[in-house]
Each structure stands twice: as C-alpha cells, then as structure tokens.
Amino acid sequence: MSLSTRVSLQWPPNEPEELSNTLVMNSKSGHFVDIRIFRQYYPLSERDATKPIDEVFQWCMCGIEEPLGGGTINFKKDLDHIAVSEALETGTPPDQIQIQGAPDIGHFSSIEGSENRKETGSMISPETGKEEEYIEIWKSLDPIAHNPTEDVREKEAYSCKATVLKVSNPTYEGKLLKLGNWLQGLLYTKSTCKFSVIRSHYDGNWNDLIKYGEKMFPKELSCTVGDTIEYDGVKWECLEV
C-alpha cells in the first residue's frame, strides 16, 4: 500500500517542472487511482468544477499494477480520461470508445542521497504529440499523517486500512480507493462520456478537495470483499479490504 505525490516531471533536455497536484493511491494487491489536477485549480472550487475535464485535470486514471521485475511496473489502466478525450476529438461514437488507454510502463529506482524515487520511461508528450523519454520524481507520503497543507513523508512502518471498490458494467466504469485518511475515485458514465472525480481527506469529517462531475461517491466504506455498496445510482463491488 502506498500514497505518493509527484515532485516533478521532466522531458529531457527540458528542465523538470510540476504543473499538477498529483496524488496516487495504491492498495496492497496493486489497485491504483491516480489523479493529476492542475495546480491552479486545487482545491477545486464549485465554479471551476463546471469546466471541461481537460482544462482542469492533467490526467485521471485507475487500474492495477503489474510488476515486471527489476523495478519495472506495467500500469494496466481500466480507465484513462486522456484516451476517452482523444477518442471524442476524432468523433468516435460513445459505444466504440476504448477507455483503457495506451500501455504505460515505468522503471523505478532510488536516488542517491534522497528519500524520493525516480521513474523513467517513455510516453506521449503533450507538447510534441510524440512518444518521448521522461523522468518523474516521486515522494512517498504517510496516509495517516499527510494532510492538505503539509506533505508528511511515509514512515518506515505504519498501520492503516485500504479499501477498494470497483464498478464495471454497461453503464459505468470506475474505481474508488480509501487509504488511511484519504479517499480518491474516478468514475466514467459510458452513455454521456462524462467523468466524475473525488479526492477527500478525513480529519474528523470528510473534506472534499476535488469534487467533479455528475455522480457522487460513497465515503463510509464498511464492507467485506464481495459486498455491494449502492450510492447515487451506482453499484460498487468491494474488491479488497
């Protein structure tokens, strides 16, 4: 299980930068929800929540990690908002849109003298539209102590609970992950090609830092594997606790 934020993204030979507030949540078995919102929109206001998803978010995706050995991971995406956006731009009918996105394989390594991790690989650059080499720097966070105003690094040992819900049917596709005091989810409504996104932090009450889209998400995830939670017309299946 892990909670991570991205420190920087670099497209060599350009200098590293970070335009988004990125938070990635992973469960013990590798389920992940990865939400990258542009910094100027975070926390997301009600007014900005009406803007097009590509204006507000750099990337939203969810899926499961497939370790390939040697620090290399294949991020198998169930849902990729960029893939949907690109299909819509080409006029692809809603029922023919491929929502999983392109292969995403990254190699992780340690950085001498730093607690951060380095990810290298290649993906489509938003500037050139071509596949380019990239370098990402990641920081691991404590899912209990980390909060919206202060990055708190992951301790060597901590104990917290992770719960994973998923929906996959002809109407909806999505994943919802709760880890420690954080909850993050992504949902796609297939008939309307619309996304809903949640990021929330618990400090005695749930505080929504991102609430985007037509559908809302459950936050009290008291369930066991195989249970179903219905919320706002969506039936979520509990995959992992």
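Barrel, open sheet and pockets

In this predicted model, strands β2 and β3 are joined by seven bridges and pair in the antiparallel sense.

User: Which residue is the bridge partner of Leu 23 in β3?
Analyst: The pairing of β2 with β3 is antiparallel and extends over seven bridges. Within this pairing, the residue of β3 that partners Leu 23 is Ile 35.

User: How many strands make up the closed barrel, and by how much do they twist on average from one to the next?
Analyst: The barrel is closed and follows the order β1-β2-β3-β4-β5-β6-β7-β8, with antiparallel pairing, so that eight strands take part, where strands of a sheet in general pair through backbone hydrogen bonds. From one strand to the next, the twist averages 30°.

User: What angle does the direction of α2 make with that of β4?
Analyst: The helix α2 covers residues 81-89, and α2 packs on the sheet, where it touches β4 and β5. Compared with the direction of β4, the direction of α2 makes an angle of about 125°.

User: Is Ser 140 buried or exposed?
Analyst: Ser 140 lies in strand β8, and Ser 140 touches Leu 3, Ser 4, Arg 117, Arg 153 and Glu 154, when residues up to four places away in sequence are not counted. Its relative accessibility is 16%, and because a residue under 20% is classed in this way, Ser 140 counts as buried.

User: Which element gives the largest share of the lining of the largest pocket?
Analyst: The largest pocket holds about 890 Å³ of space, and of the 33 residues that line this pocket, the closest to its centre are Trp 59, Ile 82, Ile 124, Ser 125 and Pro 126. At least two lining residues come from each of β1, β3, β4, β5, α2 and β7. The largest share amounts to six residues, and the element that supplies them is α2.

User: How many residues in the lining of the largest pocket are charged?
Analyst: The lining of the largest pocket can be divided by residue type, with 14 nonpolar residues and seven polar ones. The charged residues of this lining number twelve.

User: Which strand gives the most to the lining of the second largest pocket?
Analyst: The second largest pocket has a volume of about 360 Å³ and is lined by 21 residues, with Asn 26, Glu 65, Phe 75, Phe 108 and Arg 117 nearest its centre. Several strands supply at least two lining residues each, among them β1, β2 and β8, while by type the lining divides into ten nonpolar, four polar and seven charged residues. The most, four residues, comes from β8.

User: Which strands are the edge strands of the open sheet?
Analyst: The open sheet has seven strands in the order β13-β12-β11-β10-β9-β15-β14, with antiparallel pairing. An edge strand here pairs on one side only, and this applies to β13 and β14.

User: Which residue of β12 is the bridge partner of Trp 182?
Analyst: Strand β11, which spans residues 182-189, pairs with β12 in the antiparallel sense over eight bridges. In β12, the partner of Trp 182 is His 201.

User: What is the phi of Gly 204 in the turn between β12 and β13?
Analyst: Strands β12 (residues 194-202) and β13 (residues 206-212) run antiparallel and are joined by six bridges, with Val 197 standing opposite Tyr 212 in β13. The two strands form a hairpin with three residues between them, and in its turn Gly 204 has a positive phi of about 110°.

Terms used. Residues are numbered from 1 along each chain as its sequence is written. This is a predicted model: local features need pLDDT of at least 70, side-chain atom pairs count only at pLDDT 80 or more; totals for chains, interfaces and linings use all residues. Side-chain values use heavy atoms; hydrogens and water are left out. On a 1 Å grid over the protein atoms alone, a cavity is a set of points where a 1.4 Å probe fits but cannot get out, and a pocket is an open set with protein on both sides within 12 Å along at least five of seven lines; lining residues have an atom within 4 Å of a point. Grid points are joined across faces, edges and corners, and a volume is the space filled by probe spheres set on the points. Ala, Val, Leu, Ile, Met, Phe, Trp, Tyr, Cys and Pro count as nonpolar, Asp, Glu, Lys and Arg as charged, and the others, Gly among them, as polar. Two strands pair if DSSP finds at least two bridges between them. Axes are lines fitted to C-alpha atoms, for helices over the stretch in contact, and angles run from 0 to 180 degrees between N-to-C directions. Contact means heavy atoms within 4.5 Å. Buried means under 20% relative accessible area, exposed over 50%, partly exposed in between (1.4 Å probe, protein chains only).
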